[in-house]
Amino acid sequence: MYILIASIITVILAWMALLYLRRARRNKLLVKPLPPEWIRILERNVRLYALLPRDLREELHGRINLFLDEKTFIGCGGLSITDEMRLTIAGNACILLLKRDQQYFPG
């Protein structure tokens, strides 16, 4: 009986630790600035980017960092996915998340 309770407590603590580490990693990515070359790509390829005020651009940068960290891109038919393609997709997708809750395209 004690082994069962200890096992359950261990699982719960491990789960809580994973949630904490995930939240800490996400918080770090949300404030990480984008490299200047990435900003130039966004300006060139994401039409709404130039219209965003500074605070929304900063929020978008964090969401892009998180999106790129958590999502995998796979090209079809032998297409090789470039960093510019990944960034353009992430920029357009993350604009939809501005000023919304913390659901970062789960699943």
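**A tour from K99 inward along the salt bridges**

Start by selecting K99, which counts as exposed at 62% relative accessibility (exposed is over 50% relative accessible area, buried under 20%, partly exposed in between, with a 1.4 Å probe and protein chains only). You are looking at a predicted model, where local features need pLDDT of at least 70, side-chain atom pairs count only at pLDDT 80 or more, and totals for chains, interfaces and linings use all residues. Residues are numbered from 1 along each chain as its sequence is written, and side-chain values use heavy atoms, leaving out hydrogens and water.

Add E59: its salt bridge with K99 has the closest N and O atoms 3.9 Å apart (a side-chain nitrogen of Lys or Arg within 4 Å of a carboxyl oxygen of Asp or Glu). E59 lies in helix α3 and K99 in the segment after α4 (83–95), so this pair ties together parts 40 residues apart in sequence (helices are DSSP runs of H or I, at least four residues, numbered from the N terminus).

Next, pick R25 and D69, a salt bridge with its closest N and O atoms 2.5 Å apart. R25 is in helix α1 and D69 in helix α3 (residues 54–70), 44 residues apart. R25 is partly exposed at 33%, as is D69 at 43%.

Now move to helix α4, where D83 and R86 are three residues apart, about one helical turn. Their salt bridge has a closest N and O distance of 3.7 Å. D83 is exposed at 53%, while R86 is partly exposed at 22%. Then return to R25 and add R26, D69 and E70: salt bridges with shared partners join these four into one network.

Conventions
Helix = DSSP H or I, 4+ residues; strand = E, 2+ residues; numbered from the N terminus.
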